[in-house]
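User: I am new to this structure. Please show it, and then I will ask how the terms are justified.

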There are 2 protein chains.
Amino acid sequence: MSGRLAVVGLGPGDARWLTPEAQAALAAADALFGYAPYLARAPLRDGQRRHPSDNREEGSRAREALETAAAGASVALVSGGDPGVFAMAAAVCEQIEQGPPAWRALDMGIVPGITAMLAVAARVGAPLGHDFCALSLSDNLKPWPVIERRLDAAAQAGFVIALYNPISQGRPWQLAAAFERLRRYLPATTPVVFGRAVGRPDETISVTTLATADPADADMATLLIVGSAETRLVPRLHHAPLVYTPRAAGSATT
Amino acid sequence: MSGRLAVVGLGPGDARWLTPEAQAALAAADALFGYAPYLARAPLRDGQRRHPSDNREEGSRAREALETAAAGASVALVSGGDPGVFAMAAAVCEQIEQGPPAWRALDMGIVPGITAMLAVAARVGAPLGHDFCALSLSDNLKPWPVIERRLDAAAQAGFVIALYNPISQGRPWQLAAAFERLRRYLPATTPVVFGRAVGRPDETISVTTLATADPADADMATLLIVGSAETRLVPRLHHAPLVYTPRAAGSATT
């Protein structure tokens with residue numbers, strides 16, 4: 001058995017964020033698996049087989065990629081952003097744990113990528129400039145009270161908060177509930193960044209405040225960054241204001 | 001004035017993690033500024049001026065880069081990892097806020113990079129597989145009690161914790177104190193990943209538990225990942241165990 005599985009982070013949208021390691025892993029693969037829009041972003045090579053799948057099929061997609069690699073193929077399983085951040089790497093580990101013993105002998109590697117919060121942060125300044133957390137608002141895989149407890153803890157302790165998976169058709173109310181929760185602890189003026197489709201041609205980035213943040217401005221392609229009490233705006237000439245969190249932090253936390 | 005400042009993330013160590021956007025920004029620069037070992041990693045081009053500086057001079061390094069750009073040069077200020085994560089982007093924003101008005105008119109952009117926690121996570125599996133936080137253990141710029149409060153909050157709420165700047169000659173006791181703090185809330189068996197010099201030829205990655213984690217195994221080049229109560233090991237054949245945090249999380253938090 002000489003198969004191999006690479007779980008490859010494409011970064012968000014823009015090909016200029018695809019690392020040389022990821023490019024090489026895609027080029028070396030005989031078979032590529034992934035959510036169809038991500039797979040469409042991988043450069044084509046003759047002789048490669050492509051296996052696109054739907055958004056919500058992480059488990060079966062990981063199993064198919066593992067089966068194909070275990071059968072001897074060189075497989076790339078592509079992931080948007082970084083595979084380790086709310087993406088395919090954990091799904092692959094779960095399947096290896098639950099799967100046949102041969103999967104535990106497989107040559108499997110993770111290729112990191114730029115995750116959305118880093119790209120969105122870069123667009124506006126340095127909102128993640130001190131301690132921060134990354135939290136998925138999806139309650140498909142964890143109970144909502146766990147999310148509430150984490151929002152409370154992060155805001156009270158002064159972490160900047162990056163919100164992944166803020167909203168979807170099946171989860172319409174969670175982002176509004178999260179904003180309500182955060183308003184208990186954070187000033188109304190706390191900057192909130194909406195980064196939609198970052199790195200793609202239809203990218204939109206907007207900056208508002210916690211008081212006025214509107215959940216209707218987010219969709220499945222949006223990554224939000226909610227500042228801490230110390231996150232601030234710097235007005236500029238001819239440019240959008242910078243959003244940043246000073247490195248010397250802590251005095252404003254409760 | 002046609003100067004420009006790009007704050008460029010090199011990623012950790014390995015040139016295979018240097019994005020095409022970062023490569024282009026380095027190639028386009030007339031003048032490069034940065035901590036000397038990072039600057040040494042940028043590919044050389046004839047006619048570029050290099051301005052290396054020491055580790056602890058973020059403020060003056062940012063000011064010099066801004067002054068040079070404001071004088072008309074195309075400047076790259078390089079940063080290890082991602083510039084927005086405990087690196088140069090916030091220092092630049094601080095200087096723009098405090099500096100002359102001309103700096104607010106400057107064309108300034110941030111080029112994101114792979115930050116160390118993503119690279120270390122990729123080496124061992126998917127330890128950041130659910131909600132996580134990134135916390136600097138340096139108390140140079142924030143009081144130690146703020147760090148303690150954040151460690152408490154993160155562990156109690158079930159975040160996986162990535163620790164940046166865990167230890168240095170001037171900060172010898174903080175990592176041991178952090179482990180002690182975390183042992184109050186997390187099981188003795190909680191996996192702890194030590195990722196040293198990730199992506200460099202002298203890289204070492206080791207996995208231990210919170211009970212046995214030894215601060216002496218970390219140095220300035222180490223990034224640590226402390227799991228949540230749900231982070232687990234998957235033994236493998238012929239490979240190191242996988243470390244991962246299941247996506248379906250929350251039941252084990254207190």
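The questions below concern the relation of the chains and two helices.

Analyst: This is a predicted model, in which local features need pLDDT of at least 70, side-chain atom pairs count only at pLDDT 80 or more, and totals for chains, interfaces and linings use all residues. Residues are numbered from 1 along each chain as its sequence is written, while chains are lettered from A and ligands numbered from 1 in the order in which they are written.

User: What relates chain B to chain A?

Analyst: A turn of 180° with a shift of 0.0 Å along the axis lays chain B on chain A with an RMSD of 0.0 Å, the copies being superposed by least squares on the C-alpha atoms of residues with pLDDT of at least 70 in both. That is therefore the relation of a two-fold axis.

User: Which residues of α7(B) are buried?

Analyst: In helix α7 (residues 174-183) of chain B, they are L175(B), A178(B), F179(B) and L182(B). Buried means that 20 or more other C-beta atoms, placed from the backbone, lie within 10 Å of the residue's own. Helices are DSSP runs (H or I, at least four residues).

User: Why are the buried residues of α7(B) said to line one face?

Analyst: Seen down the helix axis, they fall within an arc of 100°, so they line one face. The arc is that of the directions from the helix axis to the C-beta atoms.

User: What span should helix α6 of chain A have?

Analyst: Its 14 residues (144-157) should span 20 Å at 1.5 Å a residue, and the end C-alpha atoms are 20 Å apart, which agrees. The expected span is 1.5 Å times one less than the number of residues.

How values were computed: A residue is buried if 20 or more other C-beta atoms lie within 10 Å of its own, exposed if 12 or fewer, and partly exposed in between; C-beta atoms are placed from the backbone. Helices (H or I, at least four residues) and strands (E, at least two) are DSSP runs, numbered from the N terminus.
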